[in-house]
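This report describes selected helices, strands and individual residues of one protein chain. Please keep the sequence and the structure in view while reading.

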Amino acid sequence: MPRFTVIIPCFKVQGFLRECLDSVLGQCHRDVEVIAVDDCSPDGSGAILDEYAARDDRVRVLHLAENAGLGRARNAGLPHATGDYLLFLDSDDTLTPGALRALADRLTETGDPDVLVFDYARTYWWGGTRRNVLAHVLTEAGDGTFTAAEHPEILDLLMVVWNKVYRRGFVEAGGFTFPPGYYEDTPWTFPVLLSAERIAVLDRICLNYRQRRQGNILSTTSRKHFDVHQQYERVFAFLDQRPELASWRPFLHAKMGEHCLDILAKPDRLPPSDKAEFFHRTAELFRAHKPAGARVPAELRVLEQGYAVYQARRQTGRAARELGRRARRVRTAAAGRLGRVRSAARAYRPLDPDLAVYSAFSHRGVLGDPAAIYHAARRIAPRLRGVWVLKDEEQVPLLPADVEHVLLGSAAYRRVTERATYFVNNVNWPGAVPKRPGSVHIHTHQGTPLKYMGADLLDKPGARYGVDVPQMLRRADRWDYSLVANLHSERVWERAYPCHFTSARTGSPRNDALVRARPGDGAAFRLRHGIPAEHTVVLYAPTRRDYRRGGHVDRFDPARLAADLGAGHTLVVRLHPSLATGPARGFGLAELHRRGVLVDATGEPHVEEVMLAADVLITDYSALMFDYANLDRPIVVHADDWAAYTASRGAYFDITAEAPGPVTRSYPELARLLASGGWRDEESGRRRAAFRERFCQFDDGRAAERVVRTLMLGEPMPGPASAPGGRAVTAGHDLLTSS
């Protein structure tokens, strides 16, 4: 008996069907059977199914004599299922890699619940990917099992059949089947979830929900959308048969009204001539099933007021939105005029010589090089008032209580940017911030560049997607100083940003903590994540890919790496910061973190703490390697797609030829290297020493102090003869070089 039965109804999907089947049959968890139902499809879908069945005995094909529709096609597959759990997969959707293994592990972990709800991502025909916006409901549901009454938020999720697996015995005992018609998931999902005594969740993206440009049933203009009324009649009939569920009637009554009004509001669902009839049918259903004494939510009262009122409100809403658009245009124009007036006024308002404004990573908090400079300024020159720019209110609770801040675009933001003498940032300031005579703009960058940046992107259209390079350079024209940690960076920035700034050979301020590292400096990170003190911490830090929309590409399975590392090791994974809030972590990383397989450090605000806790770094082409080299700890470069990466993004030198340690080209090669201990042999140390000599050239542990004293206070500060480890550094008179 297999663990899973995947039922796949098929109708006119020959273009997507192979990808769907491959996503199931190619799973690392192979204890699965596929019941594929050819719903009398007029295209080549049936032949594709037979082809797969001929070469994989886990596939069984049912050919229906006539088209039955999605729900009845699923029903046709149910009697043939032998798996412990049922999963209904639409034939244009796909399972994500590792999904069945994650589902199987979670089912075992929760003691085989009746229903397991998992997460999904919408994948658009134009290449975009967006995670379920209610994914937090799964996170907040906890680790155990529950009923819908204990966590009613579970019913706020999209009411579809395919984001859950169902215990077959539970389905058979409940007699659950699909009705004919559109919206067939509704009278399945509500009864199933309300009946389940044990529901569990998995906060992991296990399915890609394809958003087709055309051919989506529910986006087809048709009277078939009237089926939704009959589907809700079935839901209420189920309640009538289960008196113990009567308390759910007000909730489902409101859900029905919301759902039907949503269908009515969508422009591509109903023929315009049928909208009035649809409204009246909805209103009748709403009246017929209204619970005695129920309070009708304000947004649904229109169903009691008539179609004319509905139309009037819709027209009023459209008019209000148009007025809003016009008002925004007027405000924008007025703001532009006001900005010009203010710009003129600024020329006569003196700068505050003790005011410094800081920002990092597009206003995300006290982070990176600007943070190191800020803390050094508070220590060395407390008279300097440091103010941080934050993107929004969500960042405020993350700040220490004694850090002064302003919100981007606020009146306070305008006041400080109009008066500040010093501007410190690792990303360009918004265009509205002018460069006033006497002000000092210090650009820290975000590490040593390996991949192409700035003007060098002009020949890389894929990497330049969404980037306005001329605008970027106009903003860079405001820089007075560009901080560099090595001569390589100095030469690259002067080429990539052909602007009138001065290169400051200060070193990287955030690397001061690495250069000065002492035994035990990473203990706080280890303690926070429950990592035993005696464990070897392996940090895996891949960068983003420009040849893939969204930037995320799994080069190998991190769970496999964690297992191959064996006892006494902890794998820490940190994705590129640009992927921290997207769907990338939901494809398995967050779930592996929850299960204790590895530590997901993508959301850690201070990457220096992560590096200090690591004993070895595995990366591909991330700039993190240049910073990590200051620790003089082993580095492995995993370069399995170097040719594709350089073709799409470009690189200033061949990291595979000048690596800070061993280079691997495949996962088996990486696994063998780690098992053999070759990552820390004498040759590895020799490569690392050469790399540090070249790229940690100006990092001596005093970079932040050097910026404050020389660039903000105007004090002389000769550089030391050498940095820790014997690296030569530039003397004080060579600190500044014109671009």
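## Helix H9 and its partner H10

In this predicted model, helix H9 covers residues 249-265, and its 17 residues should span 24 Å at 1.5 Å a residue. The end C-alpha atoms of H9 are 24 Å apart, which agrees with that expectation. Many positions of H9 are shielded: the buried residues are Arg249, Leu252, His253, Ala254, Lys255, Met256, Gly257, Cys260, Leu261, Ile263 and Leu264.

Helix H10 is formed by residues 275-288, and its axis comes within 10 Å of that of H9, with a crossing angle of roughly 180°. Angles over 145 degrees count as roughly antiparallel, and H9 and H10 are therefore roughly antiparallel to each other. On the H9 side, the residues that meet H10 are His253, Met256, Gly257, Cys260, Ile263 and Leu264. Their counterparts in H10 are Lys275, Phe278, Phe279, Thr282, Leu285 and Phe286. An α-helix has 3.6 residues a turn, so residues three or four places apart point the same way.

## Strand S4 between two neighbours

Strand S4, residues 85-88, is covered on both faces. Tyr85 and Leu87 lie on one side and Leu86 and Phe88 on the other, and all are buried. In a regular strand the side chains alternate between the two faces of the sheet.

S4 pairs with strand S1 (residues 4-10) in the parallel sense over four bridges, and in this pairing Ile7 stands opposite Phe88. With strand S8 (residues 164-167), S4 pairs in the antiparallel sense over three bridges. There, Leu86 stands opposite Tyr166.

## Strand S9

How many residues of strand S9 (residues 199-211) are buried? The count is 13 of its 13 residues.

S9 also has pairing partners of opposite sense. Two bridges join it to strand S5 (residues 94-95), and these strands run antiparallel; Leu95 stands opposite Leu207 in S9. Strand S6 (residues 115-124) pairs with S9 in the parallel sense over ten bridges, with Phe118 opposite Leu202.

## The six-stranded sheet and Thr664

Six strands form an open sheet in the order S19-S18-S17-S20-S21-S22, with parallel pairing. Its edge strands are S19 (599-600) and S22, each of which pairs on one side only. Helix H18 (residues 558-565) packs on this sheet and touches strands S17 (536-541), S18 (569-573) and S20 (616-619). The direction of H18 makes about 160° with that of S18.

At the S22 edge, two bridges join S22 to strand S21 (residues 635-638), and the two run parallel. Thr664 lies in S22, which comprises residues 663-664, and His638 stands opposite Thr664. A polar contact of 2.7 Å also joins the side chains of these two residues, Thr664 and His638. Is Thr664 buried or exposed? At 2% relative accessibility it counts as buried, because the limit for that class is under 20%. Leaving aside residues up to four places away in sequence, Thr664 touches Val636, Val637, His638, Ala639, Asp640, Glu669, Leu670 and Leu673.

## Tyr358 in strand S10

Tyr358 belongs to strand S10 (residues 352-359) and is buried, with a relative accessible area of 1%. Its C-alpha atom is separated by 4.9 Å from that of Val424, although the two residues are 66 residues apart along the chain.

Val424 is one of several residues that Tyr358 touches, not counting those up to four places away in sequence. The others are Pro370, Ile373, Tyr374, Ala377, Gly386, Val387, Trp388, Val389, Trp429 and Met712.

## Two loop residues with positive phi

Most residues other than glycine have a negative phi. Tyr183, however, has a phi near 60°, a positive value. Tyr183 lies in the loop between helix H6 (168-174) and helix H7 (186-195), and with a relative accessible area of 7% it is buried.

Asp632 likewise is not a glycine and has a positive phi, of about 55°. Asp632 is found in the loop between helix H21 (624-628) and S21. With a relative accessible area of 38%, Asp632 is partly exposed.

Conventions: Residues numbered from 1 in each chain as written. Predicted model: local features only at pLDDT ≥ 70, side-chain atom pairs only at ≥ 80, totals over all residues. Heavy atoms only, no water. Expected span 1.5 Å × (residues − 1). Buried < 20%, exposed > 50% of the residue type's maximum accessible area, 1.4 Å probe, protein only. Polar contact = N/O pair within 3.5 Å; in protein donor to acceptor, adjacent residues only side chain to side chain. Contact = heavy atoms within 4.5 Å. Pairing = 2+ DSSP bridges. Axes fitted to C-alpha atoms, helices over the stretch in contact; angles between N-to-C directions. Parallel < 35°, antiparallel > 145°, perpendicular 65-115°, else oblique.
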